[in-house]
Amino acid sequence: MRLMLGLIAVSALSAQQFDLVIANGRVVDPASGTDAVRNVAIRAGKIATISASPLRGANTVDARGLVVAPGFIDLHSHGQTPENYRLKARDGVTTALEMEAGVYPVSRWYADREGRALINYGATAGQIPARMAVMHDTGTLLPRDKAIGVATPEQQREVLQLIARGLDEGALGVGMGIAYTAGATRAEIYDVFRLAAQRKATIYVHMRSGGPVEPGAIDALQEVLADAAGSGASLHVVHITSMCLRETGLCLEMIGGARQRGLDVTTEAYPYTAGMTDISSAIFGEGWEQRQGGISYGDLQWAKTGERLTAESFARYRQQGGMIAIHSIPEEVVRTAVSNPLVMIASDGIMDEGKGHPRAAGTYARVLGRYVREQHALSLMDALRRMTVMPADRLGLKSKGRLAVGADADITVFDPDHITDRATFEKPAQYSEGIPYVVVNGVIVVKNGELQESVLPGRGVRR
Ligand SMILES: [Zn+2]
């Protein structure tokens, strides 16, 4: 009898064979609070078992001495190309989402990536691209001309219809960049909040203005907090540090207070002391130096060449258009935001043929290396929480951002003693180091620190 039971147990075990086992790693899962050596087994793209006992898989990754975490979710990734997905994967990101600018048309955007993406992707229905389409703007990512202006009531109605259609097509929320559509009145913006509230969609917003000079960050934050309160829409304020600069602490206090009084408001930051945007955008209209906290031409860096600007080159490049780094965020402001428990980590990154801001390549490794390991600004568990379960909860995704049975097998395996960002403003397209394994939907996309070029397991994330 005992022998027979033994045989049954053995056959049950072999039937339990898994596709992939990540063995002996230190599982750190902020959703459950787990921080312990475990074996994680994957079958059919999902997490099948997490166990303290050994598990057998067709494939095994030895994660001894490494942290096994849920794959990072980047809520703010403008770069949605194979080049950007490679940089993201090497930085531990398994899901990269374009939530701020958003996209239009939504279904075509998803269709273009279906079966062709290294990591998971998704986007909001963007008020910016919808407004650009309706008003016939000539810009690409951001408005250049017509969509900066005032929209007629008819155009405003059309924009709302396009956003609503995008939500019908599965968009993850509504994206807005009020600073980039300066002619949009407060009433036009409020109408978008009302639509989002009706559809139970979260608004991801780049606020109307930033910096210490009014109209600036504080009144801009008051506008969106009031719109969220009045409409009932959920609100996510993007890149709080580059908007609020030295007033970041006050902005976070306002957001925390709004939350205490029942508003659904969240925010995010990237761990760098410079922002980046298009020099031809409305941000660089008359008086930009004061609005950016008292900077000058020399604090601007042309992304294509890395050169610092002068009055002459500023005028020339503003005519031409192109990406520019704005060195305007004090280091202590970055630390304030990164160590505040309200703040999620999001990159705001975009890389174009190796040119761009280092945040596109190094955001997550930089938080874990510089701010967790070197500066002890926050704990490992807390940092991972802002990269995994917090963004998943913001999105309402129960299947992502956690290591739990049944969750999507998006997993990042890194060495907490060596994880480091290598991207710089001079050489931004450098992969992070210390992340030997990244798994997307159960498929290994980074193996022994190398990209697996032949696999494309990324899937569209929809609402
Ligand atoms: Zn922005």
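These legends walk you through a predicted model of one protein chain, starting with the whole and then visiting four spots along it.

**View 1. The whole chain, with its 15 helices and 22 strands.** The radius of gyration is 22 Å, close to the 23 Å that the globule rule gives for 463 residues, so the chain is as compact as a globular protein of that length. Its C-alpha trace spans about 85 × 45 × 45 Å along the principal axes. Buried residues make up 60% of the 463 residues. Among contacts with a separation of 6 or more, 71% join residues 24 or more positions apart.

**View 2. A cis peptide bond before P105.** Look for the loop between β7 (93–103) and α3 (106–113), where P105 sits. The bond that leads from Y104 into P105 is cis, and its omega is near -10°.

**View 3. A cis peptide bond before P215.** Here the bond runs from E214 to P215, with omega near 0°. To find P215, follow the loop that links β10 (202–206) and α7 (217–231).

**View 4. L245, a residue with positive phi.** L245 is not a glycine, yet its phi is about 45°. You will meet L245 in the loop between α8 (240–244) and α9 (248–260). Its relative accessible area is 4%, under the 20% cut-off, so L245 counts as buried.

**View 5. N448, a residue with positive phi.** N448 is not a glycine either, and its phi is about 50°. This residue belongs to the loop between β21 (443–447) and β22 (450–451). With a relative accessible area of 56%, which is over 50%, N448 counts as exposed.

How values were computed:
Residues are numbered from 1 along each chain as its sequence is written. This is a predicted model: local features need pLDDT of at least 70, side-chain atom pairs count only at pLDDT 80 or more; totals for chains, interfaces and linings use all residues. Side-chain values use heavy atoms; hydrogens and water are left out. Helices (H or I, at least four residues) and strands (E, at least two) are DSSP runs, numbered from the N terminus. The radius of gyration is taken over C-alpha atoms; the globule rule is 2.2 Å times the number of residues to the power 0.38. Buried means under 20% relative accessible area, exposed over 50%, partly exposed in between (1.4 Å probe, protein chains only). Contact means heavy atoms within 4.5 Å.
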